[in-house]
Amino acid sequence: MADLVEAIELTRYFEMGKNQRVHAVDKVTLSIGEKEIVGLVGESGSGKSTFGKTVVGLHAKTSGTVKYRGEVLPQKYQPADFQRFATKMQMIFQDPYSSLNPRMTVGEIIAEGIRLHPELSAADIKQRVAEWLQRVGLQANHMSRYPHEFSGGQRQRIGIARALILEPEFVVCDEPISALDVSVQAQVINLLGELKDKMGLTLLFIAHDLSMVRYVSDRMAVMYLGSLVEIGKSDEVYFDPKHPYTEVLIGSNPEPDPQLERSRPSTAIQGEIPSPVNVPAGCRFANRCPKVMDRCGIETPELIALKTIDRQVACHLYS
Ligand code: SF4
């Protein structure tokens, strides 16, 4: 499978003043193959959303590279870059309540991106918006209404239509169901799955819920305090995690899988994730790790490929 998107040592810091900086994303290297779904998991504060936004150009890169079909993307997007790459890369946001402009009609919101195409007439745009409203399970006459007239699930469908009307190849889904009622989460996931298959999309699917990520994604990448700690095939990572953080993250999953309970007792994650302003020396997980060793507080583990299975892990237990 050819790589569609490659992040190479991608780093994004936020300057706080007084020589302080938030290490949101630190040298993350991750490739996503064409038509692949990669799930990105980790606790709040792990840097998942910042990584996704930096990959699609919504944040400038502090350092490192993003390649799209082998082309190195700009370090900081200019307006023309957004226009050029909007048809290739899009993002579906977490919160359908705050990500839709309340003063714009649904039709205006969905049409925002395609208005950049001068060859489309007003009638063409209206027709495309009507088609997309129907593709996401809404009605063409909804285009004249405002976001507050819709439920959370419907608003996320509007967000999906807004992103996909541009027919991108790559979409970052940033916790697209976490703000929705459980009853509509599966509907939105199924809609994304259908559209992914029909359009041949490549997805980076960011989520808290590991069982959901296992269900939707081909590979799973686990992020902790700005760094990747484990990458592998989703089922294999879920049922046979190698990094101690992945293990406790899966063990603390609120809806443990019955197969998981048979194979391993449930565990709870201890302590708090350290501040990304004061990143600890050595392994970033050391203060919470049940398997911590002397060297862990001094030496930073590199992400390495394991010899016996198809897995990359950043932990001194394997180096
Ligand atoms: Fe735990 Fe050490 Fe591995 Fe970090 S490197 S996860 S502290 S065993």
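**Exercise 1. Is Asn 19 buried or exposed?**

Work it out for this predicted model, then look at the backbone.

*Solution.*
- Start with place: Asn 19 is in the loop that links strand E1 (3–17) and strand E2 (20–33).
- Next, take the relative accessibility, which is 83% for Asn 19. Exposed means over 50%, so Asn 19 counts as exposed.
- Finally, check phi: for Asn 19 the value is positive, near 55 degrees, and the residue is not a glycine.

**Exercise 2. Put Leu 225 through the steps used for Asn 19.**

*Solution.*
- Leu 225 belongs to the loop between strand E9 (219–224) and strand E10 (227–233).
- Its phi is positive too, about 45 degrees, and again this is not a glycine.
- The relative accessible area of Leu 225 is 0%, so this residue is buried.

**Exercise 3. How many of the eight residues of helix H1 are buried, and what comes after the helix?**

*Solution.*
- List the buried ones in H1: Lys 48, Thr 50, Phe 51, Gly 52, Thr 54 and Val 55.
- That makes six of the eight in residues 48–55, so H1 is largely enclosed by the rest of the structure.
- After H1 comes Gly 57, with a positive phi near 90 degrees.

**Exercise 4. Which residues touch the most other members of the largest nonpolar core?**

*Solution.*
- The core has 61 residues, and the ones to pick are Ile 160 and Phe 205.
- Now follow Ile 160, skipping neighbours within four places in sequence: its contacts are Ile 92, Val 136, Val 188, Leu 191, Leu 192 and Leu 195.
- Don't stop there: a separate second core holds 31 residues, including Leu 10, Ala 24, Val 56 and Ile 231.
- For background, nonpolar side chains in soluble globular proteins tend to be buried together.

**Exercise 5. Describe the ligand site, then zoom in on Cys 296.**

*Solution.*
- The ligand takes up the space of the largest cavity.
- Around the ligand you'll find His 243, Pro 244, Cys 283, Phe 285, Ala 286, Cys 289, Lys 291, Val 292, Cys 296, Cys 315, His 316 and Leu 317.
- Sort that shell by type and you get nine nonpolar, two polar and one charged.
- Cys 296 is in the loop between helix H10 (258–263) and strand E11 (304–305). With 8% relative accessibility, Cys 296 counts as buried.
- Beyond four places in sequence, Cys 296 is in contact with Ala 281, Gly 282, Cys 283, Ala 286 and His 316.
- As for Phe 285, 11 residues away along the chain, its C-alpha is 8.7 Å from that of Cys 296.

How values were computed
Residues are numbered from 1 along each chain as its sequence is written. This is a predicted model: local features need pLDDT of at least 70, side-chain atom pairs count only at pLDDT 80 or more; totals for chains, interfaces and linings use all residues. Side-chain values use heavy atoms; hydrogens and water are left out. A residue is near a molecule or strand if one of its heavy atoms lies within 4 Å of it. On a 1 Å grid over the protein atoms alone, a cavity is a set of points where a 1.4 Å probe fits but cannot get out, and a pocket is an open set with protein on both sides within 12 Å along at least five of seven lines; lining residues have an atom within 4 Å of a point. A molecule sits in a cavity or pocket if more than half of its atoms lie within 2 Å of its grid points. Ala, Val, Leu, Ile, Met, Phe, Trp, Tyr, Cys and Pro count as nonpolar, Asp, Glu, Lys and Arg as charged, and the others, Gly among them, as polar. A nonpolar core is a set of buried Ala, Val, Leu, Ile, Met, Phe, Trp, Tyr and Cys residues joined through side-chain atoms within 4.5 Å. Buried means under 20% relative accessible area, exposed over 50%, partly exposed in between (1.4 Å probe, protein chains only). Contact means heavy atoms within 4.5 Å. Helices (H or I, at least four residues) and strands (E, at least two) are DSSP runs, numbered from the N terminus.
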